[in-house]
Amino acid sequence: MRMRSLCFALCCQVLCVSGDSGDGSRTWARFLKLPYPEDEAFLYDMFPDDFMWSVGTAAYQTEGAFQKDGKGLSIWDTFTSAGNRGTGEVASDSYHNVHRDIHLIQKLKVTHYRFSISWPRIFPNGTVGPYNEAGASYYINLINRLKRIGVEPVVTLYHWDLPDTLQRLYGGWSNPILVDLFKDYAEFCFRTFGDNVKFWITIDNPFVVAWHGYGTGMVAPGIKGDPGLPFQAGHTLIKAHAAVWRLYDNTFRQKQGGKVSIALGSHWISPRNKSKENIKACQCSLDFERNNSQSYFSFFYCAMLTRFVVFQVETIPSQFNDPNVYVWDKSGNKKPEKLEGAVVPLRKTRCGDYASIRYQVSRLHRMHITHFQFSLNWPSLVPTGNASHVKTTLLLYYKCFVSELQRANVTPVVTLWHHTAQQSGLPAPLVKNKGWQNMETVQAFVAYARLCFRELGDHVKYWITLNEPNIRDEQKTFLEGHNLLKAHALAWHVYDEEFRRAQKGQVSITLHADWVEPAYPFSRNDVEPANRVLEFRIGWFAEPIFGNGDYPQLMREWLQQRNNLDLYDYHLPHFTEEERKLVQGTYDFFALSHYTTSLVFEEVEEKTQYNTYLEVHFIPDTTWLKSPKRGAVVPWGLRKVLNWVKSRYGDVPIYIMSNGVDDDQTEMDDKLRLYYMENYINEALKASVLDGVNLRGYFAYAFDDQSDPGFGLYGYIHDEFYIKLSLGHYRKIIDKNGFPSPTAPKQDCTPEPYSCPGCSVFFTKKSMITFLCFIGICFVITVGLVIYYSKRPGKRYQY
């Protein structure tokens with residue numbers, strides 16, 4: 001909290017004290033001159049003659065007809081269909097009632113009507129191509145009718161209803177590619193409707209779009225958990241607005257004579273008293289929410305200083321990378337000014353400059369863990385996708401982090417590529433170039449892997465090439481999976497041939513491995529669907545790497561049969577003999593993530609639970625414990641999947657790279673996680689001791705709630721970390737190395753204390769230093785007493 005307060009105060013100095021143009025702090029000073037409180041003042045006067053009296057709507061709130069006449073789905077259609085809010089599938093049905101709406105607007109006697117265009121009604125997939133004529137005709141008709149009754153249209157290009165395809169393909173506004181796509185869409189609107197529209201709004205309330213769409217998850221697309229994503233989305237929104245404004249200014253303004261701006265939402269905040277400090281704080285609060293290009297990003301950058309990027313840490317020791325000398329308030333403007341001609345030599349950046357690393361490592365050390373797995377941020381480390389253009393500051397940060405982990409006796413386990421449902425994990429230029437469908441992405445990944453092996457390999461002995469590439473959604477094609485396998489294999493061979501002898505590390509891939517159980521084990525009709533799911537989910541990547549070098553036979557036969565029946569058009573690629581040799585055997589261990597278990601059978605009951613692609617129905621057992629996000633809590637499912645791997649691939653070393661459950665993140669007493677952790681780890685122990693599974697390690701998920709809210713062992717509320725009950729329990733399991741019998745002798749497994757740089761002498765010579773401190777204190781007290789009594793006046797006696 002102290003760090004956040006310091007950051008907020010710094011922001012106030014930068015944004016509010018400077019008194020730059022648009023200084024809102026003068027607003028409160030102006031109201032101080034009123035004879036009574038400003039909210040009670042009443043003015044008898046009139047607005048200018050050309051004042052705009054208006055009424056407004058948004059497309060999703062009013063149009064309805066959500067799949068009518070070729071309209072594509074928007075993120076709000078998807079968001080509300082999941083039960084998050086009331087659906088707008090019908091709304092007030094404006095799409096079918098333009099005449100009624102025009103009549104009502106005319107009766108209101110307003111001068112302007114603001115409405116928004118639904119992007120997916122014009123371009124169903126979000127990208128420019130053949131446009132939807134019916135959608136365009138709807139807006140042309142609406143605008144013409146407004147003009148006929150003397151009402152000027154005010155048109156919003158984006159009022160939160162992004163085409164769902166752009167969210168699924170690119171991660172929505174978190175991806176810079178949206179700038180060009182939004183510009184293309186806006187150009188069509190200007191060209192098609194612009195002769196009759198004189199007022200344009202590019203984006204409505206971008207603060208809500210970024211903060212609550214990609215941060216809190218309160219509005220579509222409902223994403224939460226990644227603390228950096230709202231800032232990334234906000235950055236894209238600002239650039240998109242600017243690109244569209246300049247497009248209109250350069251191409252359409254002269255002919256159409258219109259105006260373009262952005263609609264910013266804001267609260268109001270009033271200081272308790274009119275002190276300078278309170279006014280500055282109020283102004284900063286408004287600056288933050290108003291989201292203008294200067295204050296919004298200045299504040300967001302300031303706030304980022306206290307957060308952890310990749311694992312969300314500030315990676316720039318800025319006090320050491322500026323050689324200039326500054327003088328404060330040289331011109332009376334209360335700003336630092338550069339002293340011309342004066343420079344200081346820069347010393348080389350040291351690991352100790354990254355204060356956040358020591359804090360992060362100390363928290364890890366308190367958990368008593370032996371290994372820590374984390375992912376590198378490929379897009380941040382190599383933004384262009386070209387490994388020769390690396391961000392050296394971030395690379396140095398990673399070097400420092402892994403070296404500090406080693407000093408604390410924590411072994412780093414590093415993942416090169418980690419995607420999420422919202423982000424591809426790829427540099428933007430590679431995403432734009434069809435991502436994993438393009439072999440150029442494979443080559444770029446291999447070059448990036450070589451860079452990481454070379455720069456970090458002296459401190460990293462466990463590498464994961466790809467994390468959970470076998471999670472398949474509707475957008476991931478088998479071609480992408482094929483290229484992901486080749487990317488892993490090529491990276492593995494790079495390490496094996498160029499780095500293994502010197503660095504002596506190990507490399508593998510992590511596969512998502514939730515278990516599926518036949519709903520009725522005695523029925524062969526359900527055993528077969530369960531095997532099918534396992535082959536498609538795990539065998540898809542496991543068999544080529546750990547097995548015979550090709551996709552599972554069941555998988556090929558199933559897809560071939562359905563393609564022959566014209567049910568699907570899924571074509572599983574074939575490995576050439578060279579590719580088969582390239583992929584087969586590219587592992588040093590089997591890494592898997594596991595969270596839950598589900599039951600499967602072939603009959604269709606509920607379409608929402610039926611997977612038409614695999615022709616199976618997923619259901620949970622109603623007696624199982626449930627978690628909000630990860631489904632059922634079924635500890636024995638972990639033991640079964642471990643035995644499945646052993647039965648398929650022999651005595652391969654296995655690491656459970658991720659296992660955890662979400663719980664109420666506001667509760668320190670996370671009892672569900674205690675139960676989950678205790679029983680899942682015990683099932684892993686059974687697999688090892690009773691079943692002979694070669695289990696080598698277990699990684700609890702997750703480290704803290706900042707990386708994934710609700711899953712952390714460290715809680716995170718109001719910018720403060722706190723230790724949950726489950727962390728202490730996990731630490732006890734680690735210290736006991738499992739679950740020893742109550743009668744077994746106790747062992748002290750407490751690790752050596754982690755020392756910060758320069759502090760090792762204190763921990764290694766603690767006893768001697770304590771003794772010397774005691775002697776020193778005694779000496780100081782003795783000297784003090786001698787001086788005191790030597791200067792004290794003698795006693796005087798009266799006779």
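Lysine 434 is exposed, with a relative accessible area of 61% in this predicted model. Its backbone is a bit of an oddity too: phi of lysine 434 is positive, at about 75°, even though the residue is not a glycine. The residue sits in the loop between helix H17 (428-432) and H18. Glutamate 468 also has a positive phi without being a glycine, in this case near 50°. This residue belongs to the loop between S10 and helix H19 (478-498). Is glutamate 468 buried or exposed? At a relative accessibility of 12%, glutamate 468 counts as buried, because the cut-off for that label is under 20%.

Stepping back to the whole chain, the protein has 28 helices and 22 strands. Of its 799 residues, 48% count as buried. As for contacts between residues at least 6 apart in sequence, 74% of them join residues at least 24 apart.

One of the sheets is open and has seven strands, paired in parallel and ordered S8-S9-S10-S11-S13-S19-S20. Strand S8 (371-375) and strand S20 (695-700) sit at its edges, each pairing on one side only. On average, neighbouring strands here are turned by 25° against each other, with direction ignored. Inside this sheet, strand S9 (residues 411-418) runs parallel to strand S10 (residues 462-467), and five bridges pair the two. Valine 413 is found opposite tyrosine 462 of S10. Helix H18 (residues 439-456) packs on the sheet and touches both S9 and S10. The direction of H18 makes about 165° with that of S9. Two of the loops already described tie in here, since lysine 434 lies just ahead in the loop that leads from H17 to H18, and glutamate 468 lies in the loop between S10 and H19. At the S20 edge, alanine 702 is found in the loop between S20 and strand S21 (714-717). The peptide bond from tyrosine 701 to alanine 702 is cis, with omega near 10°.

Another open sheet has five strands in the order S1-S2-S3-S4-S5, with parallel pairing. Its edge strands are strand S1 (54-56) and strand S5 (259-263), and each of them pairs on one side only. Neighbouring strands of this sheet are turned by 25° against each other on average, ignoring direction. Going along the sheet, strand S2 (residues 112-116) pairs with strand S3 (residues 152-158) in the parallel sense over five bridges. Tyrosine 113 has proline 153 in S3 as its bridge partner. S3 and S4 are parallel and joined by four bridges, with valine 154 opposite phenylalanine 199 in S4. Four bridges also join S4 to S5, again in parallel, and the bridge partner of tryptophan 200 in S5 is valine 260. S4 is mostly covered, with five of its six residues buried.

Helix H10 (residues 206-214) is mostly covered as well: seven of its nine residues are buried. These are Pro206, Phe207, Val208, Val209, Ala210, Gly213 and Tyr214. What does H10 lie across? The helix crosses S3, strand S4 (199-204) and S5, and runs at about 15° to S4. The loop between H10 and helix H11 (229-256) holds proline 221. The peptide bond into this proline, from alanine 220, is cis, with omega near 5°.

Now for the empty space. A search of the whole structure turns up three cavities of 30 Å³ or more. The largest cavity contains about 100 Å³ of space. Its lining is made of 14 residues, and those closest to its centre are Thr62, Ser94, Tyr113, Tyr138 and Leu142. Helix H3 (59-62), helix H5 (98-108), S2 and helix H7 (133-148) are the elements that give two or more residues to this lining. Tyr113 is thus a name seen before, as the bridge partner of proline 153 in S3.

Arginine 121 rounds off the picture. The residue is found in helix H6 (residues 119-122). Arginine 121 is buried, at a relative accessible area of 0%. Where does its side chain reach? The backbone oxygen of alanine 65 is the partner, at 3.3 Å. Leaving out residues up to four places away in sequence, arginine 121 touches Glu63, Gly64, Ala65, Lys68, Lys71, Tyr95, Asn132, Gly135, Tyr138 and Tyr139. Among these, Tyr138 also appears with the residues closest to the centre of the largest cavity.

Terms used. Residues numbered from 1 in each chain as written. Predicted model: local features only at pLDDT ≥ 70, side-chain atom pairs only at ≥ 80, totals over all residues. Heavy atoms only, no water. Buried < 20%, exposed > 50% of the residue type's maximum accessible area, 1.4 Å probe, protein only. Polar contact = N/O pair within 3.5 Å; in protein donor to acceptor, adjacent residues only side chain to side chain. Contact = heavy atoms within 4.5 Å. Pairing = 2+ DSSP bridges. Axes fitted to C-alpha atoms, helices over the stretch in contact; angles between N-to-C directions. 1 Å grid on protein atoms, 1.4 Å probe; cavity = no way out; pocket = protein on both sides within 12 Å on 5 of 7 lines; lining within 4 Å. Points joined across faces, edges and corners; volume = space filled by probe spheres on them.
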